[in-house]
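Visitor: Could you take me closely through one part of this model, the place where the chains meet? I would like a connected account rather than a list.

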Number of protein chains: 2
Amino acid sequence: MRGEKKTVKLSIVGFGNVGGSVADLIFAKRSALWRDFGLDIKIVGVADAKGVFVEEDGIPAEKLREFRAKHRVAPNTDLNAVEMIDAVEHDLVVEATPTNIESGEPGLTHILTALKARRHVVTSNKGPIALHYERLMRLAADNGVQLRFEATVGGAMPLISLCLENLAGSEILSVKGILNGTCNYILTRMSEEKLPFEHALREAQALGIAESDPSQDISGEDTAVKLVILANAIFGMNASPKDVSVQGISEITPEALLLAKDAGYTIKLVGEVSRERLEVAPRLVPKGDPLDVKGTLNVATVKTDIAGDITIVGKGAGPKEAASAILSDILKIFA
Amino acid sequence: MRGEKKTVKLSIVGFGNVGGSVADLIFAKRSALWRDFGLDIKIVGVADAKGVFVEEDGIPAEKLREFRAKHRVAPNTDLNAVEMIDAVEHDLVVEATPTNIESGEPGLTHILTALKARRHVVTSNKGPIALHYERLMRLAADNGVQLRFEATVGGAMPLISLCLENLAGSEILSVKGILNGTCNYILTRMSEEKLPFEHALREAQALGIAESDPSQDISGEDTAVKLVILANAIFGMNASPKDVSVQGISEITPEALLLAKDAGYTIKLVGEVSRERLEVAPRLVPKGDPLDVKGTLNVATVKTDIAGDITIVGKGAGPKEAASAILSDILKIFA
C-alpha cells in the first residue's frame with residue numbers, strides 16, 4: 001500500500017472492446033485496488049457513438065455490463081462525449097476510441113478537452129499520440145496533469161515505461177522489434193506450413209487475428225505509427241508517419257521463407273527506430289535471435305549505452321491486454 | 001525534463017567495481033542528467049574497507065578516479081562508514097558492499113543507519129534485502145524515504161520495476177527464469193561444445209565470468225537468494241533463503257545435455273517463484289522457448305492474470321550493468 005486512500009473518478013470515452021474491458025477490469029479488481037493501492041475507482045461517465053451515460057457517484061457494474069452486452073451505451077443525458085469530458089467533475093479520462101491516423105479524431109478533441117479541463121488522460125488511441133505528441137505533452141504539463149499511452153504500443157508489453165522509466169539510467173540508442181501481431185502470425189504460419197500469403201491471411205481473419213480490412217497491418221502502416229510514437233516519446237524526434245520508410249509483407253512468398261530457413265534465418269516484419277533511422281521492412285532474423293518469436297507475440301530489443309540490450313516479449317494485442325496496460329498507467333498516476 | 005531543478009547529495013558505501021562504476025556513470029552522464037532530469041548529483045562521501053573520504057560540496061571526479069585506479073579510498077576523515085552515513089548531510093546512500101548471505105553485514109547496518117537518518121537507499125547488496133525485507137521496508141516507510149534494489153536481481157534487466165510498477169494492472173502469478181549468468185554460460189558451453197562441467201567452469205573462470213570461488217553460483221544459492229527477494233518484493237511472502245528448494249548444476253553431464261538436445265530440449269538452471277513454489281533446479285527447456293537464452297544472459301518470464309506472459313531478457317551481471325540499474329533507481333526517487 002502506497003500513499004493515502006483515495007477515490008478516483010474517471011470516464012471512459014469509446015466503450016467498445018477496449019473501453020469495455022477497462023470497465024470489466026476495474027470491477028474485477030475492485031478489492032485488490034483498494035487493498036494494494038488504497039484506490040476506490042469510480043466510473044462516472046461512459047460514451048460511445050450512440051451517446052453518453054453519466055452517474056456522478058459511479059455507474060453500477062450491472063449497468064455497464066448491460067451496455068457491454070448490447071454493444072451500445074443507453075444515454076441518460078443530452079451531453080455529447082466532449083461536453084461530458086468538459087462538464088462532469090472527474091479526475092481522469094480513458095480515451096479508447098478507434099485510431100484514425102489521418103486526423104487523429106475524434107480522440108484528439110477528446111484528449112485536448114480533457115487536458116484543458118485539467119483531467120489526466122490514459123489512452124490506447126495511437127492517432128493523437130503519433131500526430132500531435134509535442135503539443136499534447138506540453139498541454140498536459142501546462143495544466144499539471146499527465147497523459148499516458150502505454151497501451152498504444154505493444155499491448156500488454158510495457159515497452160514505453162521500460163524505456164522512459166526503468167532504463168532511465170542508460171541512454172536508449174535504438175528500439176527494434178515486431179510490433180504487429182497479425183503480421184507475425186501470418187509469417188509464422190507461412191513459414192511453418194508453407195502457406196501462400198493469401199491463405200495465411202484468410203486463416204488469420206477466420207481466427208479473428210486479422211481484421212476484415214487488414215490493410216493497415218499488412219502494409220506495415222500500423223507498425224510505422226507505433227514507431228512514430230516511440231520516436232517522439234523516447235527520442236524526442238517530433239516525427240510523423242510520413243517520416244517512416246515503410247514496406248509491408250504482402251510480397252513475401254513461401255519460397256522466400258523456405259530459402260531463408262535453409263540458411264538459418266526466418267523473415268519478420270521488423271520496425272526500427274533510432275535518431276538515424278525510422279523504418280519498417282521485412283528482414284532476415286537468425287533462428288534463435290531474440291526477435292525470433294512466433295505467432296501473434298510482439299517483441300522489442302532496446303539497445304542502450306550502459307545496460308546493453310534488453311529484450312521484452314509479450315502479447316501485443318487484445319482488448320484485455322490493452323485494458324491491463326491502461327490500468328497500469330492509471331496506477332502510475334494515482335498509486 | 002520533469003519537475004524542478006535540484007541538487008542531490010549522495011554517498012557510495014562499498015567503493016569496489018559496482019560502487020566505482022556508479023561514480024563513473026554519474027560523472028559520464030552529468031550533462032544528460034541536468035538536461036533531461038534537472039538533476040545535479042554530487043557525490044559527497046565514499047567509503048571502502050580502508051576508510052572514508054568526505055567532501056560536502058562534492059568530491060571531484062579526478063579524486064574518485066584516483067581511488068578507482070588504486071583500488072582504495074585514501075581517507076580524509078576519521079569517520080567510519082556508519083558514522084559517515086549518519087553524520088554527513090546527504091539525501092541518498094548507494095550501498096554497494098558485497099553480499100553476505102549469512103548475516104547481511106556490513107550492508108545491513110549501513111542500510112539501517114541510512115534509513116534511520118531519513119536518507120533514501122539504493123542498493124545492489126542482496127543480503128539485507130533477502131534476509132530483512134519487511135523490517136527494512138517498514139523502516140523506510142516510517143522515515144518517509146525509499147529503499148530501492150533493482151540491481152539485486154537480474155543486473156541491467158529491470159525485472160522488479162517491471163513487476164511492481166509496469167504490470168501493476170495485472171496480478172503476478174509467477175516469475176520463472178534464469179537469474180545466474182555464470183550457470184547459463186557453463187551450461188551453454190557444455191551443450192554447444194560437449195564440454196564436461198569442470199572444463200566449462202574453468203573456461204568461465206579464465207574469462208572472468210565465474211569467480212575463483214564459484215560455489216554460490218553453481219550450487220544454485222545465488223539464484224535462491226534472488227528468488228527470495230522476488231518472493232518478498234512481489235508476493236509479500238516474507239521468505240528467507242532456507243525456504244527455497246535448491247539444486248545446482250555440478251551433477252549435469254554433457255551426455256545429459258546431448259540426450260536433451262536430441263529430444264528438442266536444453267537444460268537450464270531455472271528459478272521459479274509463486275505463492276506455492278520457491279525452487280531452483282536444472283530443468284528441461286524446449287528449444288525456442290522464451291527461457292532458451294544463451295551465454296551469460298539472464299531471462300525471466302512473468303506470468304500474469306490479465307496481461308498474459310511477459311518475458312524480459314538482458315545482461316544479468318557486470319558492474320556497469322549494476323551501476324545502470326542503480327542510477328535508474330536514483331532517478332525514480334528524484335526525477
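Guide: In this predicted model, 34 residues of chain B are in contact with 34 residues of chain A. On the side of chain B that touches chain A, the elements that give two or more residues are helix 8 (159-166), strand 12 (309-315) and helix 14 (319-334) of chain B, and of the whole side the largest share, 8 residues, comes from helix 14 of chain B. Sorted by class, this side of chain B has 18 nonpolar residues, together with 9 polar and 7 charged ones.

Strand 12 deserves a closer look, since strand 12 of chain A (residues 309-315) is joined to strand 12 of chain B by 3 bridges, and the two run antiparallel. Within this pairing, Thr311(A) stands opposite Val313(B), a residue of strand 12 of chain B.

To place these residues within a single chain, it helps to turn to the domains of chain A, where the assignment gives domain 1 as 6-155 + 319-334 and domain 2 as 165-315. The centres of these two domains of chain A, taken over C-alpha atoms, are separated by 28 Å, and 13 residues of domain 1 are in contact with 15 residues of domain 2. On the domain 1 side of that contact within chain A, helix 6 (126-131) and helix 7 (133-142) are the elements that give two or more residues, with helix 6 of chain A giving the most, 4 residues. By class, this side of domain 1 of chain A has 7 nonpolar, 3 polar and 3 charged residues.

Note on methods
Residues are numbered from 1 along each chain as its sequence is written. Chains are lettered from A and ligands numbered from 1 in the order in which they are written. This is a predicted model: local features need pLDDT of at least 70, side-chain atom pairs count only at pLDDT 80 or more; totals for chains, interfaces and linings use all residues. Two residues are in contact if their C-beta atoms, placed from the backbone, lie within 7 Å. Ala, Val, Leu, Ile, Met, Phe, Trp, Tyr, Cys and Pro count as nonpolar, Asp, Glu, Lys and Arg as charged, and the others, Gly among them, as polar. Two strands pair if DSSP finds at least two bridges between them. Domain bounds come from an automatic or database domain assignment.
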